[in-house]
Amino acid sequence: MNTQTSVHSILDLSCYIAGRAVQTGNWLTVVNPYTGDPAGRVACLNQNHVEQAITAALQSGPSLSRYARSEILMKARTLLEERAESFAHLITAESGLCMRESRYEVGRSCDVLQFAAMEALKDDGQVFSCDISPQGKTRKIFTLREPHQLVAAITPFNHPLNQVIHKLAPAIACGAPAILKPSEKTPMTAIRCVELLYEAGLPGWMLSVIVGDVEEVATPLVVDPRVEVLCFTGSVAIGKEIASQAGYKRLILELGGNSPLIVMEDANLDLAVKLATEGCYRNSGQRCTAVKRLLVHEPIVNKFTEQFVEASNAYVCGDPTAEETRVGTVIDESAAIRLENVVARAALDGARILLGGRREGALFMPTVLSDVPRTTEMVVKESFGPLAPIMVIKDLDDAINLANSTEYGLSSGIVTENLNDALKAVRGIRTGTVNINEVPGYRIEMSPFGGIKDSGLGIKEGVIEAMKGMTTVKTFSLPW
């Protein structure tokens with residue numbers, strides 16, 4: 001379909017069912033977190049529309065060749081590159097992220113599309129000879145991967161474009177139809193993304209996007225047995241609720257994190273400070289892989305803290321559209337108030353606020369705390385914002401024990417020049433990722449990503465792993 005004739009004003013965005021624009025007269029107003037003004041309106045759908053989307057996906061159309069899927073994804077990448085600035089401004093308008101982060105997100109999304117296009121072209125089969133045992137025969141067993149009949153994707157607010165692309169691009173690459181339900185806080189970028197995919201040549205039946213009340217649109221997707229794969233990124237509480245409701249289907253859950261960055265005595269201190277500031281403050285601290293705990297070796301904690309506070313002062317917090325801003329808002333004022341409360345509780349528990357600790361509306365200033373107790377809420381639970389709690393560790397064993405002390409197990413990092421210490425951390429920390437001399441969240445869009453414990457079920461995302469999750473292996477054998 002040619003979306004150039006059907007794209008609405010930014011203040012009047014339709015949802016789409018199998019490529020058909022749908023409006024109901026019931027609107028969701030999306031608010032700019034910085035200004036408090038409406039950023040746009042999105043049509044709200046209901047359970048009947050969910051049924052229409054499911055039916056359209058299951059009726060499907062002619063399957064696309066690998067080449068066709070790859071070409072659609074590459075065309076989408078080209079279109080996104082051409083409109084990068086427009087998408088970045090839209091992300092900033094509805095999420096409050098600063099332009100630096102929004103542009104970075106668009107670039108990452110382009111990578112996802114390119115990598116998915118590459119993977120779409122690859123053969124996915126294996127061959128097993130059957131005459132390798134006394135019980136064997138002169139046959140060969142072949143495998144192939146077939147797409148699941150329907151994928152539902154529920155995406156969060158903190159990456160309005162990249163999380164959407166991370167779910168839709170692998171589905172397209174493997175030929176699985178999908179229904180997208182984006183966060184009600186940032187749905188406009190998701191809708192523009194779907195329009196772009198249609199424009200790139202994606203058949204309507206392969207993708208729908210729906211926005212509406214949880215009970216009207218999200219819950220029906222979760223419980224419907226015709227949805228064979230459910231991908232969700234969001235909070236632990238909602239993820240566990242989804243798991244309890246979903247029934248007999250494949251779940252790909254990417255939940256919260258409480259990522260530590262361990263800084264050992266032998267660390268390159270300049271590198272450690274750079275990783276700590278970027279890890280704590282990028283995306284306004286609203287990343288599941290953001291550094292949530294700085295575990296610093298006791299002999300260097302004072303020197304690290306001094307340099308870290310100085311570097312943190314350079315992270316200007318303010319108008320997200322201003323080029324000098326490095327930390328925009330959190331998603332809304334309520335989120336900023338929650339951060340204010342956990343900082344206040346940490347101070348009551350004995351932590352010292354060295355920088356920040358205050359908010360202006362939905363802006364929350366980069367905040368550094370020292371002498372943070374190991375039992376305060378800020379470091380026991382996930383605090384989704386630009387917070388930097390510094391905790392003292394006695395040695396690496398103490399650091400590993402502290403890193404493992406929460407219910408989360410997503411990512412972690414260690415800064416050290418000692419290879420043995422690095423390997424000990426890799427073996428000892430119970431997270432899906434351990435990065436050496438890098439932020440906990442570092443990855444490329446193709447590599448496996450995911451956590452254990454309350455961070456997820458151990459099933460990975462990333463383009464390659466997501467495609468595995470959206471397909472099933474079929475075997476067949478032939479005389480040979």
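**Exercise 1.** In which loop is the place of N32? Then find its backbone contact.

*Conventions.* This is a predicted model with residues numbered from 1 along each chain as its sequence is written. Local features need pLDDT of at least 70, side-chain atom pairs count only at pLDDT 80 or more, totals for chains, interfaces and linings use all residues, and side-chain values use heavy atoms, without hydrogens and water.

*Solution.*
1. N32 sits in the loop between β3 (27-31) and β4 (38-43). Strands are DSSP runs of E, at least two residues; helices are runs of H or I, at least four; both are numbered from the N terminus.
2. N32 has a relative accessible area of 15%, so it is buried. The classes are buried under 20%, exposed over 50%, and partly exposed in between (1.4 Å probe, protein chains only).
3. A polar atom of the N32 side chain lies 2.8 Å from the backbone nitrogen of Y34.

**Exercise 2.** Place strand β20 among its neighbours.

*Solution.*
1. Five of the five residues of β20 (residues 411-415) are buried, so the strand is largely enclosed by the rest of the structure.
2. Check each face. S411, G413 and V415 are buried on one side, S412 and I414 on the other.
3. Strand β12 (residues 259-263) pairs with β20 in the parallel sense over three bridges. Pairing requires at least two DSSP bridges. Here L261 stands opposite G413.
4. Strand β21 (residues 433-436) also pairs with β20 in the parallel sense, over four bridges. I436 is the bridge partner of I414.
5. Follow the chain: from β20 it passes through helix α14 (residues 419-428) to β21, a right-handed β-α-β crossover. Right-handed means that, with the strands pointing away from the viewer, the path from the first strand over the helix to the second runs clockwise.

**Exercise 3.** Trace two salt bridges between distant parts of the chain.

*Solution.*
1. The structure holds 29 salt bridges. The criterion is a side-chain nitrogen of Lys or Arg within 4 Å of a carboxyl oxygen of Asp or Glu.
2. Take E278 and R100. Their closest N and O atoms are 2.9 Å apart. E278 is in helix α9 (residues 269-281) and R100 in helix α4, 178 residues apart.
3. Compare burial. E278 is buried at 15% relative accessibility, whereas R100 is partly exposed at 26%.
4. Extend the pair. R100, E101, E278, R282 and R326 are linked in a network of salt bridges.
5. Now take R345 and E377, with closest N and O atoms 2.7 Å apart. R345 lies in helix α11 (residues 333-348) and E377 in helix α12 (residues 377-380), 32 residues apart.

Note on methods. A polar contact is a pair of N or O atoms within 3.5 Å; within protein, one must be able to donate a hydrogen and the other to accept it, and residues adjacent in sequence count only if both atoms are side-chain atoms.
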